[in-house]
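Biologist: Could we go through this model together? I would like to settle the wording and then turn to particular residues.

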Amino acid sequence: MNSWIRSAAHTAAGLVAGVFGVLLLAGTGVAMAGTGQPSPWQINLQGAASPVMESIHSFHFFLLVIIVAVVLLVLALLIVVALKFNEKANPVPSRTTHHTLIEVVWTVVPVLILVAIAIPSFRLLFLELDLPKADLTVKVTGHQWYWSYEYPDNGAFSFDSLMVAEADLKPGQPRLLAVDNEVVVPVNKIVRVQVTAADVIHSFAMPSFGVKIDALPGRLNESWFQATKEGVYYGQCSELCGKDHAFMPIAIRVVSEADFASWVEEAKQKYASVEAPAQVAQAEPAAGAVSSAR
Ligand SMILES: [Cu+2]
């Protein structure tokens, strides 16, 4: 065998091994990936904690299988061509220029593959964008550079949520992700998220819930999630919004329904006292005081 054919065969073998290696890593990556926050050496999506994210995971794996099959087919064809039709092995080339069956096959098969991808893709889009009846609403507003949250169904209190500086992190709080005031939602309830922005475009993203939606000034976008496991989940602003874009994380704490109810009671007190409008000296002028007030 020619040396270049040998090296081509080696390269091909290396490619196949590489593809299988990536597949293997991707397969185990689902287990390796953290849920609620990224983990070291993570190469796959974050773990799923909502039905939408579970569907995103399955769709992602389905696409991975298809793309690996396509890559392997093309690779095999390349190897066959390189080995069988090089100048040495095939000194007198065929003059064939058309083959109707092959041409029909290489047109129809890709169309069928695209249709097979489109059907679950549209189903997933519909799942993400068709809001089910919500159990509660959280209104999210992006600011330069923090988020504020409002609970219109639970007493309409609102609060700001700012990143915890590195020096103030408590044990267990992840750097660049922990916030002072977390969003709290009940487990297994459908939460409608209404997203807007007060200044520039931000994007509200929570990977483990499969939520990413732009926060646009003057527009109210909607998304939803149903957190299936209790715990704290972290996300980040995902639209470049200025110098502190990287420092406006999102933290959602998923708790039991009873814990949520008691948190709401606490939050109403806590944020009411913080958010009370400042008392401005503006007394009703007495009837005789009008002229002197001028
Ligand atoms: Cu932002």
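Modeller: A residue counts as buried under 20% relative accessible area, as exposed over 50%, and as partly exposed in between, using a 1.4 Å probe and protein chains only. Arg 253 is therefore partly exposed, at a relative accessible area of 34%. Please note that this is a predicted model, in which local features need pLDDT of at least 70 and side-chain atom pairs count only at pLDDT 80 or more, while totals for chains, interfaces and linings use all residues. Residues are numbered from 1 along each chain as its sequence is written, and side-chain values use heavy atoms, leaving out hydrogens and water.

Biologist: Which side chain does Arg 253 meet in a salt bridge?

Modeller: Its partner is Glu 182, at 2.6 Å from N to O; a salt bridge requires a side-chain nitrogen of Lys or Arg within 4 Å of a carboxyl oxygen of Asp or Glu. This pair links distant parts of the chain, with Glu 182 in the loop between β3 and β4 and Arg 253 in strand β10, 71 residues apart. Helices (H or I, at least four residues) and strands (E, at least two) are DSSP runs numbered from the N terminus.

Biologist: Is Glu 182 buried or exposed?

Modeller: Glu 182 counts as buried because its relative accessibility is 16%.

Biologist: How many salt bridges does the structure hold?

Modeller: There are five. Among them is that of Glu 166 with Arg 175, at 3.3 Å from N to O; both of these residues are exposed. Another joins Lys 268 to Glu 265, at 3.5 Å; these two lie in helix α4, three residues apart, about one turn of the helix.

Biologist: Changing topic: which residues are the protein donors of the copper ion?

Modeller: They are His 202 (ND1), Cys 237 (SG), Cys 241 (SG) and Met 248 (SD), lying 2.0 to 2.6 Å from the ion. Donors are N, O and S atoms within 2.8 Å of the metal (3.2 Å for Na, K and Ca), and sites may look incomplete because water is not among the atoms. Cys 237 is in strand β9 (residues 231–237) and Met 248 in the loop between β9 and β10 (250–255), so this pair, eleven residues apart, links distant parts of the chain. Both Cys 237 and Met 248 are buried.

Biologist: And what is the geometry of the copper site?

Modeller: The site is tetrahedral, with angles of 94 to 128° among its four donor atoms. Four donors count as tetrahedral if all angles lie between 85 and 135 degrees.

Biologist: How many aromatic pairs are there?

Modeller: The count comes to 15, where rings of Phe, Tyr and Trp (its six-membered ring) pair if their centres lie within 6.5 Å, with planes under 30 degrees apart counted as stacked, over 60 as edge-to-face and the rest as tilted. Tyr 151 and Phe 157 are stacked, 5.0 Å centre to centre with 15° between the planes. Phe 159 and Trp 263 are edge-to-face, at 6.2 Å and 80°. Phe 159 lies in strand β3 (residues 157–161) and Trp 263 in helix α4 (residues 257–275), so the pair ties together parts that are 104 residues apart in sequence. Phe 159 and Trp 263 are both buried.

Biologist: Which residues do the ring pairs link into a cluster?

Modeller: The cluster consists of Tyr 149, Tyr 151, Phe 157, Phe 159, Phe 260, Trp 263 and Tyr 271.

Note on methods:
Tetrahedral: all angles 85-135°; square planar, octahedral: opposite > 155°, others 65-115°.
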